[in-house]
Amino acid sequence: EFLSQSRLVFNDEHKLLRYALSRFDDGLLFVYFSSIDQNSHMLWGKHMPEVLETYRAVDAAIGEVLDHARGAGIIVMSDHGFTTFDRAVNLNTWLAKNGYMTLTPGPADDDVPFARVDWSRTRAYALGLNGLYLNLAGREQQGIVQDAERETLLKRVTADLLAFRDNGKTVIESAYEPPRSDVAPDLIIGYARGYRGSWQTALGAAPDSMVEANRDAWIADHCINPADVPGVLFSTRKITADDPRLKDVTVSILHLFGVAPAPGMTGRNVM
């Protein structure tokens, strides 16, 4: 049933592409095929022939675009790769058991986010699949971490995260600090292959166990260490960089149209 519905979605997207090509003369045409991502989440690692069938269908659609290109610059890209999702990490539980979060007594499966958190004694919490936040004074409603101790605390949390093991296996490979803002996480967590933040972590919950087997139908993911799931970039124009990034694609497209990058854009022209 899933594959049948997936094919219906692909067929509709393919029809949209053909419709756009039949009416497109110049400018920028962007087309997104969602089937590769959705099928990979559900099939990767266990049903690879079906995944490859999807890739072949998209490949054939790209061939149609090339037939219509007439010398236009074509870019084929993904923003990430894929790997298996075997173990779900309850990061708030890890924070609680390592002294960064304090929980009050109560049921571990409470559906209310952060229902058992004692914020007066909590220095860090996880929300979303990869975000870790400090309970900063002045930013959080009940923040207790002073700005002067922020960097020291981040270094300590990072070291502890990188030492996290599950039956001897590395759970977290990277934890980096993004540009600071009032809404961004203080750390972005890069899980190792096979691991990912749990659905409960995404909602702010703290179940009993730190790591548990993923028994969901969602058996693969990409919300991990980016180095483990790199995307792809192909182009009819020569790519001049060995390590192109997503932000470089934007600047490169602007360059193709003779448009300078906007202030604050940090990407390079790689085509």
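## A predicted fold with two nonpolar cores

V259 counts as partly exposed because its relative accessibility is 42%, where partly exposed lies between buried (under 20% relative accessible area) and exposed (over 50%), using a 1.4 Å probe and protein chains only. This residue is found in the segment after α7 (246-256). Together with L28, L256 and F257, V259 forms a nonpolar surface patch of about 370 Å² of accessible area. Such a patch joins nonpolar side chains (Val, Leu, Ile, Met, Phe, Trp, Tyr) within 5 Å, from residues with over 30% relative accessible area and no salt bridge, that is, no side-chain nitrogen of Lys or Arg within 4 Å of a carboxyl oxygen of Asp or Glu.

A word on the source: this is a predicted model, in which local features need pLDDT of at least 70 and side-chain atom pairs count only at pLDDT 80 or more, while totals for chains, interfaces and linings use all residues. Residues are numbered from 1 along each chain as its sequence is written, and side-chain values use heavy atoms, with hydrogens and water left out.

Now to the whole protein. It has 7 helices and 12 strands, taken as DSSP runs (H or I of at least four residues for helices, E of at least two for strands) numbered from the N terminus. The C-alpha trace spans about 65 × 50 × 30 Å along its principal axes. Of the 271 residues, 39% count as buried. The protein exposes about 15500 Å², with carbon and sulfur atoms supplying 54% of that area, by the Shrake-Rupley method with a 1.4 Å probe.

Inside, the largest nonpolar core has 33 residues, and L91, L132, L161, I189 and Y191 have the most contacts within it. A core here is a set of buried Ala, Val, Leu, Ile, Met, Phe, Trp, Tyr and Cys residues joined through side-chain atoms within 4.5 Å. Elements that each supply at least two of its residues include β4 (131-134), β7 (172-176) and β8 (187-191). The largest share, 4 residues, comes from α5. A second, separate core has 9 residues, among them L17, V58, A69 and I74.

Two residues other than glycine have a positive phi, and they sit in these loops:

| Residue and phi | Loop |
|---|---|
| R70, about 50° | between α3 (48-68) and β1 (75-77) |
| F114, near 55° | between α4 (91-97) and β3 (124-127) |

Are these residues buried or exposed? R70 counts as exposed because its relative accessibility is 67%, whereas F114 is buried, with a relative accessible area of 16%.

Definitions and conventions
Patches are made of residues with over 30% relative accessible area and no salt bridge: like charges are joined within 9 Å, nonpolar side chains (Val, Leu, Ile, Met, Phe, Trp, Tyr) within 5 Å.
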